[in-house]
Amino acid sequence: MKNGLSTLAFAACALCAPLAGHAQTEIQWWHAMNGPLGEWVNDLAKDFNASQKDYKVVPTFKGSYDESMTAAMAAFRSGNAPDILQVYEVGTATMMAAKGAIKPVGEVMTEGGAKFDTKAYIPAVAGYYTAPNGQMLSFPFNSSTTIFYYNKDAFKAAGLDPDKAPTTWPEVVLAAAKLKAAGHKCPFTTSWISWTQLESFSTWHNTLFATQNNGFGGPSARLAFNSPLHVRHFENLSNMAKQGLFVYKGRGNAADVSFPTGECAMMTGSSGLYSRVAKEAKFAYGIAPLPYYPDVAGAPQNTVIGGASLWVMAGKKPAEYKGVAAFFNYLSKPDVQSASHKRTGYLPITTAAFELTEKSGFYKQFPGTDVAVTQMIRKTTDKSRGVRLGNFNQIRTIIDEETEQIWSGKKQPKEALDTAIQRGNEQLERFQKANKS
């Protein structure tokens, strides 16, 4: 009899378990973070799930930014889209134009009953993901910007001051020459050519990358990065490449591995690379603001946003949206944001998180980790707010293709930039026609 009761009790408990599980609403989150950053994403979901019992965020790695975005759109058309999709900043205009596919994050937060004040977010970050009517369309997540890394040990060996990073491009050239003379085979490199050497370069010098205030004014924007300043900069980079002072390492973030390994002594890249540099570099390193041309009026201004934001897909149940709102509310907490900022090098998306990090003494303990923030929180202008264009990913590919002609010696800088603009404008015209409204 006792055994029978035990069996019945066990069976009852077994039936209870699935019911308890069903009470929890699952939130599917597709992302493009792998390696240490993938671990960070998994930890965020795990910590949120442990903080409450109503929702369970399930993060899934879906490949690169391009791959995850393509997969999500295909899933949306078949009715199986995730609740949350991580989209890189160059996909912002495309997502904005995908009417019916997304639900503005402002609506999600309001309907979900979550406390949501757009003024709490760093303006340069929130503004990029905000529509002309002031509504926030996506949730800022892993926001980064371009910064300058340098190898202090290599500087010292080359007779350079290890505590003084080059602040101007002429100083970068001089430092590169000394590094080469000291035997360094890769004095300077860069990742993301378009982002670091054209987009951020433009805003840093308060110069337009494209008309219509870099696309924020509407889809009739056209590219404008063949100004005398842009041509001059690429002529300088071309000369550096010919002398072995600048070594091109490939598209996207292909160059990232070359700095923490010590192969390249200086590089411009994402602030999000910090976690890898801190973990892998076996040498003393420094972090500094981007170099600029001192004779350009208004420089330096501010850099542009990079990284990605979280978009909420349309057609979901109210309970799922409520869960998404709760998760975003959790991600906005100052202590969560500050911890993520310290761990990854991505920007803290709220002013409170920045102040909390500063108060903790982190920036004094790790000099240079505040560079990305200070570059972004400077007062922006219409020319430096950011770059938001349709078919932006295709435009970046075109820029890669054309500038590679410079490094290989097949085209002069002005010809390459002119051709990139001609081909890029065809993409913008195509996008404008497809999104007339």
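The following exercises, each with a worked solution, look at helices, rings and single residues in this predicted model.

Residues are numbered from 1 along each chain as its sequence is written, and side-chain values use heavy atoms, with hydrogens and water left out. Because the model is predicted, local features need pLDDT of at least 70 and side-chain atom pairs count only at pLDDT 80 or more, while totals for chains, interfaces and linings use all residues.

**Exercise 1. Describe how helix α11 and helix α18 cross, and which residues make the contact.**

Step 1: Two packed helices are described by the angle between their axes and the distance between the axes. Helices here are DSSP runs (H or I, at least four residues; strands are E, at least two), numbered from the N terminus, and axes are lines fitted to C-alpha atoms, for helices over the stretch in contact, with angles from 0 to 180 degrees between N-to-C directions.

Step 2: The axes of α11 (residues 228–242) and α18 (residues 392–407) come within 9 Å and cross at roughly 50°. The helix α11 is therefore oblique to α18, since angles under 35 degrees count as roughly parallel, over 145 as roughly antiparallel, 65 to 115 as roughly perpendicular and the rest as oblique.

Step 3: Contact (heavy atoms within 4.5 Å) is made by Phe 234, Leu 237, Ser 238 and Ala 241 of α11 together with Thr 403, Ile 406 and Trp 407 of α18.

**Exercise 2. Characterise the ring pair of Tyr 248 and Trp 407, and state how covered each residue is.**

Step 1: Rings of Phe, Tyr and Trp (its six-membered ring) pair if their centres lie within 6.5 Å, and planes under 30 degrees apart count as stacked, over 60 as edge-to-face and the rest as tilted. A search of the whole structure finds 28 aromatic pairs.

Step 2: In the pair of Tyr 248 and Trp 407 the centres are 6.3 Å apart and the planes differ by 35°, which makes the pair tilted. Tyr 248 belongs to the loop between α11 and β8 (266–270), whereas Trp 407 belongs to helix α18, so that the pair links distant parts of the chain, 159 residues apart.

Step 3: Buried means under 20% relative accessible area, exposed over 50%, and partly exposed in between (1.4 Å probe, protein chains only). Tyr 248, at 22%, is therefore partly exposed, and Trp 407, at 17%, is buried.

**Exercise 3. Find the surroundings of Asn 393 and of His 341.**

Step 1: Asn 393 lies in helix α18 and, at 25% relative accessibility, counts as partly exposed. Leaving aside neighbours within four places in sequence, Asn 393 is in contact with Asp 66, Tyr 88 and Val 90. Gly 91 is 302 residues from Asn 393 in sequence, but 7.1 Å away in space, C-alpha to C-alpha.

Step 2: His 341 is found in helix α14 (residues 334–344) and is buried at 3% relative accessibility. Not counting residues up to four places away in sequence, His 341 touches Tyr 346, Leu 347, Pro 348, Thr 357, Tyr 363, Thr 369 and Val 373.

**Exercise 4. How many residues of helix α9 are buried, and what phi does Asn 206 take?**

Step 1: Helix α9 (residues 193–204) is mostly covered, with 12 of its 12 residues buried; among them are Trp 195, Glu 199 and Trp 204.

Step 2: Just after α9, Asn 206 takes a positive phi of about 55°.
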